[in-house]
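Visitor: I would like a close look at one part of this model, the open sheet. Please take me through its strands, what lies across them, and then what lies beyond.

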Amino acid sequence: MIPHSRPIFDEYFSASVQSVVSSGYTVSGAQARLLEQTIIQHLGCHDAVAVDSGTSALMLAIRTLSMQKNIKRVGIPAYACASLLFAVRAAGCLPVCMDCDDSLRLNADKAWHIAPSLDAVILVHPFGMIEPLVKESWPCPIIEDIAQAAGAMIDAKPVGSFGDVSIASFHATKPWGGAYGGMVMASQAICMQVRAMSNPDLADFTQSYVGHHPLSDIHAALVLCRLERNQQETLQRQQHMLWIDKHLPQSYVQSISNRGIGNAFRYIIRSDGDAEACIQHLHAHGIGAAKPVQKPLNFATDEPCEGAYQAWKDCISLPLLPTMSSHEYQQYEQGLKTCFKH
Ligand SMILES: Cc1ncc(COP(=O)(O)O)c(C=O)c1O
């Protein structure tokens, strides 16, 4: 089966991890600090804190914003990763779902309708596309989530430089993937609070929450290697996108992928109503397709989100890999031909 994701870890990654292990210092240290500085330079932000996951980064971002103003209702996209829902709950807040439109970005009319009732909002650049609403002015603080679109640009500015706080994930399958990890990018004041919430040994006992969240140097070393490869891997994924375009019937091609300004992270198509059956069919032909989102998050909150529901029924994410063997290309082409009859 051609896997849905296949991060490449070659000797360069192995040597880098080996040198951290050989140094005898594996916890958060020089590599994690270098990673923070690298991302500060890339985004042009004031400060950054490397943490143990994107979910922790979200939770810590919400908790930190809560220290400045009372935050209860946090808007999240309904068609997004479940980590968002759990991060909001872990911060003691209430997730409020915002529906998507056919492009899988937020439905702007519905978002503006909900916005006045929110205390904070998490805006996700989904599946390697851009969420244009990050450029707008919201009546509440924005947490910009670049887990899936890291490296993409809007109007020549990198994603992650628009929110009051931004977060990244370094989960292995993400564009900046190492193994596990995440980052909070924000002002020095916010990052100082995040650091204070991330180290129980140094914590002030009056704090309501502190957890052990620093990113280890082993994990940071993997991400630093990935960042060096990122531009090349993005170009390779873009090439693979063009290849898929050529081998899909026209009606499926780029049906919702707004690739021009994204980072070519996912190739998502709409089936005609039964994504599950289509995925099974693709699997039977050796293509490891997957649902882009396992379950819309409004299933947990009981809010009506018709766009997210339809996307859940229709959408399929095809493997989009930086490299494939010629045998895999043949298998992929044959599988697409059989499953999507021209
Ligand atoms: C958009 C988005 N934000 C946050 C996360 C959470 O990141 P992590 O898996 O590093 O906790 C994910 C994970 O899949 C994600 O897709």
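Guide: What follows starts at the sheet and works outward.

The model is predicted. The open sheet has 7 strands, in the order 1-9-8-5-4-2-3. Its pairing is mixed. Strand 1 (47–51) and strand 3 (94–98) are the edges, and each of them pairs on one side only. From one strand to the next, the twist averages 20°.

Take strand 4 (120–124) first. How many of its residues are buried? The count is 5 of the 5, so strand 4 is largely enclosed by the rest of the structure. In a regular strand, side chains alternate between the two faces of the sheet. In strand 4, Ala120, Ile122 and Val124 point one way. Val121 and Leu123 point the other way, and all of these are buried.

Strand 4 pairs with strand 2 in the parallel sense, over 2 bridges. Here valine 74 is set opposite alanine 120 of strand 4. Strand 4 also pairs with strand 5, again parallel, over 4 bridges. In that pair, isoleucine 122 faces isoleucine 143 of strand 5.

Now move to strand 8 (residues 165–169) and strand 9 (residues 182–186). These run antiparallel and are joined by 4 bridges. Isoleucine 167 stands opposite valine 184 of strand 9.

Two helices lie across these strands. Helix 3 (54–68) lies across strand 1, strand 2 (73–77), strand 4, strand 5 (142–145), strand 8 and strand 9. Its direction makes an angle of about 165° with strand 8. Helix 4 (82–90) lies across strand 2, strand 3 and strand 4. Helix 4 runs at about 170° to strand 2.

Which residues of helix 4 are buried? They are Ser83, Leu84, Leu85, Ala87 and Val88. An α-helix has 3.6 residues a turn, so residues three or four places apart point the same way. The buried residues of helix 4 pack against strand 2, strand 3 and strand 4 of the sheet. They also pack against helix 3 and helix 9 (298–301). Just after helix 4 comes glycine 92, with a positive phi of about 80°.

The same two helices lead to the ligand. Helix 3 and helix 4 each supply at least two residues of the shell around the ligand. There are 14 residues around the ligand. Gly54, Thr55, Cys81, Ala147 and Ser169 come nearest. By class, the shell has 5 nonpolar, 8 polar and 1 charged residues.

Two loop residues deserve a backbone check. Most residues other than glycine have a negative phi. Leucine 104 has a positive phi, near 75°. Leucine 104 sits in the loop between strand 3 and helix 5 (108–114). Is leucine 104 buried or exposed? Leucine 104 is buried, because 26 other C-beta atoms lie within 10 Å. Alanine 156 also has a positive phi, near 65°. Its place is the loop between strand 6 (153–154) and strand 7 (157–158). Alanine 156 has 5 other C-beta atoms within 10 Å, so it is exposed.

Next, a strand pair elsewhere in the chain. Strand 10 (residues 267–270) pairs with strand 11 in the antiparallel sense over 4 bridges. Arginine 270 has cysteine 315 of strand 11 as its bridge partner. Strand 11 (residues 315–318) is covered on both faces. Cys315 and Ser317 are buried on one side, and Ile316 and Leu318 are buried on the other.

Then a helix pair. Two packed helices are described by the angle between their axes and the distance between the axes. The axes of helix 2 (residues 30–43) and helix 7 (residues 217–247) come within 7 Å. They cross at roughly 40°, and the crossing is left-handed. Helix 2 makes the contact through Ala30, Gln31, Ala32, Leu34, Leu35 and Thr38. Helix 7 contributes Asp217, Ala220, Ala221, Val223, Leu224 and Leu227. The contact of helix 2 with helix 7 has 9 nonpolar, 2 polar and 1 charged residues.

One last stop is arginine 6, in the segment before helix 1 (11–23). Arginine 6 has 15 C-beta neighbours inside 10 Å, so it counts as partly exposed. Arginine 6 and methionine 324 are 318 residues apart in sequence. In space, their C-alpha atoms are 9.7 Å apart.

How values were computed
Residues numbered from 1 in each chain as written. Predicted model: local features only at pLDDT ≥ 70, side-chain atom pairs only at ≥ 80, totals over all residues. Near = placed C-beta within 6 Å. Nonpolar A, V, L, I, M, F, W, Y, C, P; charged D, E, K, R; others polar. Pairing = 2+ DSSP bridges. Axes fitted to C-alpha atoms, helices over the stretch in contact; angles between N-to-C directions. Contact = placed C-beta atoms within 7 Å. Buried ≥ 20, exposed ≤ 12 C-beta atoms within 10 Å, placed from the backbone. Left-handed = near helix turned anticlockwise from the far one by under 90°.
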